[in-house]
Amino acid sequence: MRNPYDVLGVKKGASAAEIKSAFRKLAKKHHPDANKDDPKAAARFAEVNAANEILGDEEKRKQFDRGEIDAEGKPRFQGFPGGGQGFPGGGAGGFSRSSRDGFESFTFRSGGGAGGAGGFGGGAFDDILSSMFGGAARGARGGADTFEYEAGPSAMPDLDLNASLGVTLEEAVHGAEKRVRLPTGKELNVKIPAGITSGQTIRLKGQGQEVPGRRAGDALITIVIAQHPLFKVDGNDLRCDLSITLYEAVLGGKVRVPTLDGAVELSIPKNTSSGRTFRLRGKGMPVKGKEPGDLFVTARIVLPDGNDADLEALMQRWRETKPYNPR
């Protein structure tokens with residue numbers, strides 16, 4: 001994944017408000033519902049959401065800036081501290097540790113002689129190998145350049161692969177089929193069951209790492225539901241704001257309200273104040289084996305753009321003849 005700062009188009013020193021604003025703008029721009037004819041929109045939307053998962057979280061952002069985690073939020077391997085002759089990562093006569101494809105390999109470089117390189121005797125070197133590999137290490141005989149060890153349980157590699165998959169709220173509610181890219185570069189189709197929640201994991205058996213003589217690991221896909229531009233998830237309920245005109249607030253009327261199943265009509269009573277909340281039963285998150293949650297709609301009065309002389313004159317007369325204090 002690309003650097004999350006580049007994905008959101010913000011500088012490294014950007015404030016939390018700047019990051020939040022950039023995320024909202026890009027989420028609306030790349031949301032699959034607004035780009036139904038663009039097959040790449042979902043991937044861009046998921047990338048934007050993944051970047052926000054890092055930069056929108058203060059602790060994760062600090063970890064990324066310090067180099068402790070990568071752009072996917074995974075810990076970076078820091079290697080052995082220190083180094084030097086006779087120690088991990090050291091100079092001649094030492095031994096080193098390297099990683100390739102997620103597996104560890106160890107190499108011993110002997111300088112010959114009975115005492116071994118770097119002043120380690122055979123017994124001391126055996127102790128080091130035993131502590132590293134959890135087994136009884138057998139040093140090389142006669143200054144040879146190789147060694148053997150009996151691997152303990154801690155030396156067995158973990159063959160499972162972990163990946164995250166961003167989905168829209170609609171995809172989580174209704175189910176979908178998505179394509180995920182594993183850390184190995186392999187791509188798979190994943191069926192998203194209807195009603196899945198953020199943080200749940202889908203296990204794809206046998207799709208992990210493979211080594212001879214062992215059963216292949218699994219791919220563990222963690223679901224991340226992207227922040228929706230309209231709805232906020234509150235347990236099994238949903239919440240959203242509804243913009244209404246001043247005359248709709250005063251005179252009442254019927255307005256269209258978005259839901260996960262399509263827009264519905266809501267009757268706005270006369271004299272509705274901004275901030276009044278209406279409940280639409282059963283229009284929230286579906287729950288397996290239970291009644292679905294509700295949708296809570298909060299009215300927000302929006303005045304017309306620009307200065308309106310007639311409206312200002314009306315308000316002046318109102319202030320003079322019918323003053324009131326709502327505070």
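User: What makes residues 79–125 a stretch to treat with care?

Analyst: This is a predicted model, where local features need pLDDT of at least 70, side-chain atom pairs count only at pLDDT 80 or more, and totals for chains, interfaces and linings use all residues. pLDDT is the predictor's confidence in each residue, from 0 to 100, and over residues 79–125 it stays under 50. The model still has 69 contacts there beyond four places in sequence (contact means heavy atoms within 4.5 Å). Residues 132–155 are also below 50. Where pLDDT is low, the predicted coordinates should not be read in detail. The protein's average pLDDT is 78.

User: How do you know that S8 and S9 pair?

Analyst: Strands are DSSP runs of E, at least two residues, numbered from the N terminus. Two strands pair if DSSP finds at least two bridges between them; S8 and S9 (residues 219–225) have 4, in the antiparallel sense, so they pair. Ile-202 stands opposite Ile-221 in S9.

User: Why are S5 and S8 called edge strands?

Analyst: The open sheet runs S5-S9-S8, with mixed pairing. S5 (161–167) and S8 (201–204) each pair on one side only.

User: What makes the span of helix H8 agree with expectation?

Analyst: Helices are DSSP runs of H or I, at least four residues, and the expected span is 1.5 Å times one less than the number of residues. H8 (residues 309–321) has 13 residues, so it should span 18 Å, and its end C-alpha atoms are indeed 18 Å apart. Residues are numbered from 1 along each chain as its sequence is written, and side-chain values use heavy atoms, leaving out hydrogens and water.
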